[in-house]
Amino acid sequence: MELHSLKDSFDRVAKKRKVSYSKTHEVTDLIVQEISKAIKVMQSSTLEYQSELAELKKKLQEVSPLNQLEGAQKELNIALIKYPKALEKVFNPDISKAYQNIEFDSPIVNQIIASHFYRQGLFEVGNCFITEAQDAEAAVAMRSLFQELYQMLEAMKSRNLEPALKWAAANSNKLKENGSDLQLRIHHLQFVKILQKGSRDEALKYARTNFASFAGNHMAEIQKLMGCLLYSDRLHESPYAHLLSPTNWDTVTNELTRQFCNLLGQSYESPLSATIAAGIQGLPPLLKFMTVMVGKKHEWQSMNQLPVPVELDKEFQFHSVFVCPVTKEQSTDDNPPMLMSCGHVLCKQSINKMSKNGSKTFKCPYCPTDIDSTQCRQLIF
């Protein structure tokens, strides 16, 4: 992807600058060192300075600072000259040629934007946006729900687990249905927090009260926590010291956010963030294509699918999709992907066309195998 090449260009500039910086300091330190030696000799000597100055000049000529700096500085200058060109190539200011004239559902778009602000905990910004968009009704429920989430997250930042424990207890059945052990993990943190204070009896009492219902599926983890009781006064020096790591809190915080969104029927990642990030990846090939097809914009506007293949990273691939390597068209219910005897896959219409509707065999486009269309079977993604 072009953004990756831009990052590589930036990294080259940063690396060359670091080399140049280090070389400059190295040479400067060497010059200062030679001058300091010469000054000490002249201060302790009764002879005239001319011989010492001549010796200093000779040493500095041997150091040859300009020659040493020239190579590193030249490489840095070359990288600096190339980088703006790379920026201009990637960040095309005119992206209008790469989008279609489609009608947006404004209320839905406004709700997605407001939801993004609420997800980030920017409630005042979200409220301001909704007020100016004059679409407050759609986001009121979303705001109150995410306020509950951020009250729990803010409490966890100050190591207060009570709000999270209450929410997990109220939603314990739903969490179990989702296969989540979030409630136990929150109790886990609370247990270690109590034990860290040196309250072994209180920690044991907490474990008896709250761990019993999880023993059936999580006995090994509970036994490990019970082992911590032996080191209540020196837990940080025990085999269980890793339980004190702040990353445990971060992990539970992320899982709480994920499960909270899941129970709301919302994605863990903001839809707005995912859309923009995917758009950043998909935009460069579209811009390149439209630069080539500059005189045929009307054709792009009338298409029902993208004119060129656009590869996105795995985090943006939410559904299995097959594109026929022969027609370059995406499979549909009427034109499903078909597995041939050789192991390669084509769409049904391509196979029908190449086999004359099953009247003859044909060679696979990818290998020399003769294919009988009657032996092809449909794939279901």
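Arg 159 lies over the face of Trp 249, at a distance of 4.2 Å from the centre of the ring, and this contact is a convenient place to enter the structure. The model is a predicted one, and the points below move from ring contacts to helices, then to a small sheet and the loop residues beside it. Trp 249 itself belongs to the buried residues of helix α12, a helix that returns in several of the points that follow.

**Charges and aromatic rings**

- A second charge over a ring is found at Tyr 268, where the charged end of Arg 258 sits 4.0 Å from the ring centre.
- A pair of aromatic rings is described by the distance of the centres and the angle of the planes, and a search of the whole structure finds nine such pairs.
- One of these pairs is formed by Phe 117 and Phe 129, which meet edge-to-face with 6.1 Å from centre to centre and 65° between the planes.
- Because Phe 117 lies in helix α4 (residues 106-119) and Phe 129 in helix α5 (residues 123-133), this pair ties together parts that are 12 residues apart in sequence.
- Phe 129 has a relative accessibility of 23%, and therefore counts as partly exposed, since the partly exposed class lies between the 20% limit for buried and the 50% limit for exposed residues.
- Ring pairs also link Tyr 118, Phe 123 and Tyr 150 into a cluster.

**Helix α9 and the CTLH region**

- UniProt, in an unreviewed entry, places the feature "domain: CTLH" at residues 146-202, and over this stretch the chain is 79% helix and 0% strand, with its end C-alpha atoms 33 Å apart.
- Helix α9 covers residues 182-196, and its 15 residues should span 21 Å at 1.5 Å a residue, which agrees with the 21 Å that separate its end C-alpha atoms.
- Of the 15 residues of α9, 12 are buried, so the helix is largely enclosed by the rest of the structure.
- Among the buried residues of α9 are Leu 182, Ile 186, His 187, His 188, Phe 191 and Leu 195.
- The buried residues of α9 pack against α7 (162-170), α8 (172-177), α10 (200-210), α11 (215-227) and α12 (246-263).
- Just after α9, Gly 198 takes a positive phi of about 90°.

**Helices α12 and α2**

- Helix α12 has 18 residues and reaches 26 Å from its first C-alpha to its last, close to the 26 Å that is expected at 1.5 Å a residue.
- Alongside Trp 249, the buried residues of α12 include Val 252, Glu 255, Leu 256, Gln 259 and Phe 260.
- Just after α12, Gly 265 takes a positive phi of about 75°.
- Helix α2 (residues 50-63) has 14 residues that should span 20 Å at 1.5 Å a residue, and its end C-alpha atoms are indeed 20 Å apart, which agrees.
- Ser 64 follows α2 and has a positive phi, near 50°.

**The open sheet and the RING regions**

- UniProt lists residues 324-367 for "domain: RING-Gid-type" in an unreviewed entry, and also places the feature "domain: RING-type", again from an unreviewed entry, at residues 324-367.
- Over residues 324-367 the chain is 16% helix and 18% strand, and the end C-alpha atoms are 16 Å apart.
- Three strands form an open sheet in the order β2-β1-β5, and their pairing is antiparallel.
- Strands β2 (345-347) and β5 (377-378) stand at the edges with a single partner strand each, so one side of each is left without a neighbour in the sheet.
- Strand β1 (residues 337-339) pairs with β5 in the antiparallel sense over two bridges, and the bridge partner of Leu 339 in β5 is Arg 377.

**Positive phi in a loop**

- Most residues other than glycine have a negative phi, and most peptide bonds are trans, which is the background for the next two residues.
- Lys 356, found in the loop between α15 (348-354) and β3 (362-363), has a positive phi near 55° although it is a residue other than glycine.
- Asn 357 is placed in the loop between α15 and β3, and it has a positive phi of about 60° without being a glycine.
- With a relative accessibility of 67%, Asn 357 counts as exposed.

Definitions and conventions:
Residues are numbered from 1 along each chain as its sequence is written. This is a predicted model: local features need pLDDT of at least 70, side-chain atom pairs count only at pLDDT 80 or more; totals for chains, interfaces and linings use all residues. Side-chain values use heavy atoms; hydrogens and water are left out. Two strands pair if DSSP finds at least two bridges between them. Helices (H or I, at least four residues) and strands (E, at least two) are DSSP runs, numbered from the N terminus. UniProt positions are given in the numbering used here, feature names are shortened, and annotations may be inferred rather than shown by experiment. The expected span of a helix is 1.5 Å times one less than its number of residues. Buried means under 20% relative accessible area, exposed over 50%, partly exposed in between (1.4 Å probe, protein chains only). Rings of Phe, Tyr and Trp (its six-membered ring) pair if their centres lie within 6.5 Å; planes under 30 degrees apart count as stacked, over 60 as edge-to-face and the rest as tilted. A charge sits over a ring if NZ of Lys or CZ of Arg is within 6 Å of the ring centre and within 35 degrees of the ring normal. Contact means heavy atoms within 4.5 Å.
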